[in-house]
Amino acid sequence: RAKQHGTGVETYEADADLNRPERLGYGGALREALDCGQLQVHYQPKRDLRTGELAGVEALARWQHPTQGLIPPDSFIPLAEQTGLIRPLTAHVLAAALEQAARWAAAGLRLHVAVNVSARSLHDGSLVDEVVQQLEQTRTPASALELELTESAVMSNPEQAMAVAARLRELGVRMALDDFGTGYSSLAYLRDLPVDVLKIDRSFLQDLSTNCRNVSIVRSVIDLGHNLGMRVVAEGVETPEALDLLQDLGCDQGQGYLFGRPVPAADLVHP
Ligand code: C2E
Ligand code: CA
Ligand code: CA
Ligand code: CA
């Protein structure tokens, strides 16, 4: 169960049982959550590691459940995928994120907003139309939007993923490969995949001071991404030591608790 503190800082309690979808009444409750505005979007900053500037944000879904409190996405995204609710959920997050990007732009803050796209959304054939429609509705330039595809979502149907990614990229949307290093992608696909950004999975950012293998992996992924002309983002940056190392290795951007947790838009600390 998640706790919402006054500061907007959230922590998840290790109370996995309460978060189990079956305990929450399954799809019906999630449908209701979507209809009743219980599905919220929080934003986590991404920092430019050279300038220290706020480079963008990642939009992350949260379910503000009336009795269970704040439910983390790992508990309801799989449920949404199983029940077909991922399509309206993705549409909801996309709309919220683009409206927020438009508000920031109006306030003189040009922030890239990244939205997560799950396997089902990537492959259900409606994503490109949805994105086009939402960009028009919010009058947001495509260049403000980044879509994060997980490596495993891509690998579940690489050909189709590449086709969808290519069309989105033609629109001017930036494409990122999320959780890189965890999804068994082959280098041949990575070579051909139209993505602009590689996000190193946060599991590789753990124990960097004692785990030299993780350091080697992080270094190799940064070099690989750069050699393929991609920007490299490290997620899960929690310590000044990790930041130091990433800067030494030439990583482009960082995201993690060191810079800020996901928070409602109003609580995002401006540069
Ligand atoms: P993700 O896309 O890999 O998102 C990053 C996750 O890492 C977020 O968890 C974020 O809160 C967490 N995180 C960020 N910095 C740190 C750090 O320094 N240390 C640690 N330990 N964790 C950090 P969150 O918000 O619980 O989201 C979990 C996953 O749920 C996301 O992983 C993403 O796969 C999925 N998700 C979230 N929102 C959406 C959405 O709107 N649509 C879809 N399809 N998936 C979503
Ligand atoms: Ca992500
Ligand atoms: Ca990730
Ligand atoms: Ca992840």
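This is a guided tour of the structure above, stop by stop, with a suggestion of what to select at each one.

**The whole chain**

Begin with everything in view, and keep in mind throughout that this is a predicted model. If you colour the chain by secondary structure, you can look for eleven helices and eleven strands. Of the 271 residues in the chain, 52% are buried. Among the contacts in the chain with a separation of 6 or more, 67% come from residues that are 24 or more positions apart.

**The calcium ion (ligand 2)**

Next, select the calcium ion (ligand 2) together with its protein donors, which are Glu58 (OE), Asn116 (OD1), Glu148 (OE) and Asp178 (OD) and which lie 2.2 to 2.3 Å from the ion. Along the chain these donors follow the spacing E-x57-N-x31-E-x29-D. Now add two strands to the selection: Glu58 belongs to strand S4 (residues 54-65) and Glu148 to strand S7 (residues 145-150), so this pair ties together parts of the chain that are 90 residues apart in sequence. Are Glu58 and Glu148 buried or exposed? Both Glu58 and Glu148 are buried.

**From ligand 2 to ligand 3**

Keep Asp178 selected and add the calcium ion (ligand 3), because it is worth asking which residue bridges the calcium ion (ligand 2) and the calcium ion (ligand 3). The bridging residue is Asp178, and the two ions lie 3.9 Å apart.

The protein donors of the calcium ion (ligand 3) are Asp178 (OD), Asp179 (OD), Glu235 (OE) and Glu235 (OE), at 2.2 to 2.6 Å from the ion, with Glu235 appearing twice in that list. Their spacing along the chain is D-D-x55-E. Select strand S8 (residues 174-180), where Asp179 lies, and strand S10 (residues 231-235), where Glu235 lies; the pair therefore ties together parts that are 56 residues apart in sequence. The two residues can also be compared by how much of each is accessible: Asp179 is partly exposed, with a relative accessible area of 24%, while Glu235 is buried, with a relative accessible area of 10%.

**Asp179 and the calcium ion (ligand 4)**

Stay with Asp179 and bring the calcium ion (ligand 4) into view. The protein donors of this ion are Asp179 (OD) and Asp179 (OD), lying 2.8 to 3.2 Å from it. Asp179 bridges the calcium ion (ligand 4) and the calcium ion (ligand 3), and these two ions are 3.5 Å apart.

While Asp179 is selected, look at its backbone as well. Most residues other than glycine have a negative phi. What is the phi of Asp179 near? Phi of Asp179 is near 55°, which is a positive value in a residue other than glycine.

**Asp207, in a loop**

For another positive phi, select Asp207, where the value is near 50°, again in a residue other than glycine. To find Asp207, look in the loop between strand S9 (197-200) and helix H10 (212-227).

**Helices H4 and H6**

Now hide the ions and show helix H4 (residues 86-106) together with helix H6 (residues 127-138). Two packed helices are described by the angle between their axes and the distance between the axes. For H4 and H6 the angle is about 30° and the axes are 10 Å apart, so H4 counts as roughly parallel to H6, a description used for angles under 35 degrees. The crossing of H4 and H6 is right-handed.

To see the side chains that make this contact, select Thr90, Ala91, Leu94, Ala95, Leu98, Glu99 and Ala102 of H4, and then Leu127, Glu130, Val131, Gln134, Leu135 and Thr138 of H6. Coloured by type, the residues of the contact of H4 with H6 divide into eight nonpolar, three polar and two charged.

**Helices H6 and H8**

Leave H6 on the screen, and replace H4 with helix H8 (residues 158-171), whose axis comes within 10 Å of the axis of H6 and crosses it at roughly 15°. That angle makes H6 roughly parallel to H8, and the crossing of H6 and H8 is right-handed. The contact is made by Leu127, Val128, Val131 and Val132 of H6 and by Val164, Arg167, Leu168 and Leu171 of H8. How many residues of the contact of H6 with H8 are nonpolar, polar and charged? Seven are nonpolar, none is polar and one is charged.

**Ala266 and Tyr43**

For the last stop, select Ala266, which lies in the segment after strand S11 (253-255). Ala266 is exposed, with a relative accessible area of 76%. Then add Tyr43 and draw a distance from C-alpha to C-alpha: Ala266 and Tyr43 are 223 residues apart in sequence and 9.5 Å apart in space.

How values were computed:
Residues are numbered from 1 along each chain as its sequence is written. Chains are lettered from A and ligands numbered from 1 in the order in which they are written. This is a predicted model: local features need pLDDT of at least 70, side-chain atom pairs count only at pLDDT 80 or more; totals for chains, interfaces and linings use all residues. Side-chain values use heavy atoms; hydrogens and water are left out. Axes are lines fitted to C-alpha atoms, for helices over the stretch in contact, and angles run from 0 to 180 degrees between N-to-C directions. Helices (H or I, at least four residues) and strands (E, at least two) are DSSP runs, numbered from the N terminus. Angles under 35 degrees count as roughly parallel, over 145 as roughly antiparallel, 65 to 115 as roughly perpendicular and the rest as oblique. A crossing is left-handed if the near helix is turned anticlockwise from the far one by less than a right angle, and right-handed if clockwise. Contact means heavy atoms within 4.5 Å. Ala, Val, Leu, Ile, Met, Phe, Trp, Tyr, Cys and Pro count as nonpolar, Asp, Glu, Lys and Arg as charged, and the others, Gly among them, as polar. Buried means under 20% relative accessible area, exposed over 50%, partly exposed in between (1.4 Å probe, protein chains only).
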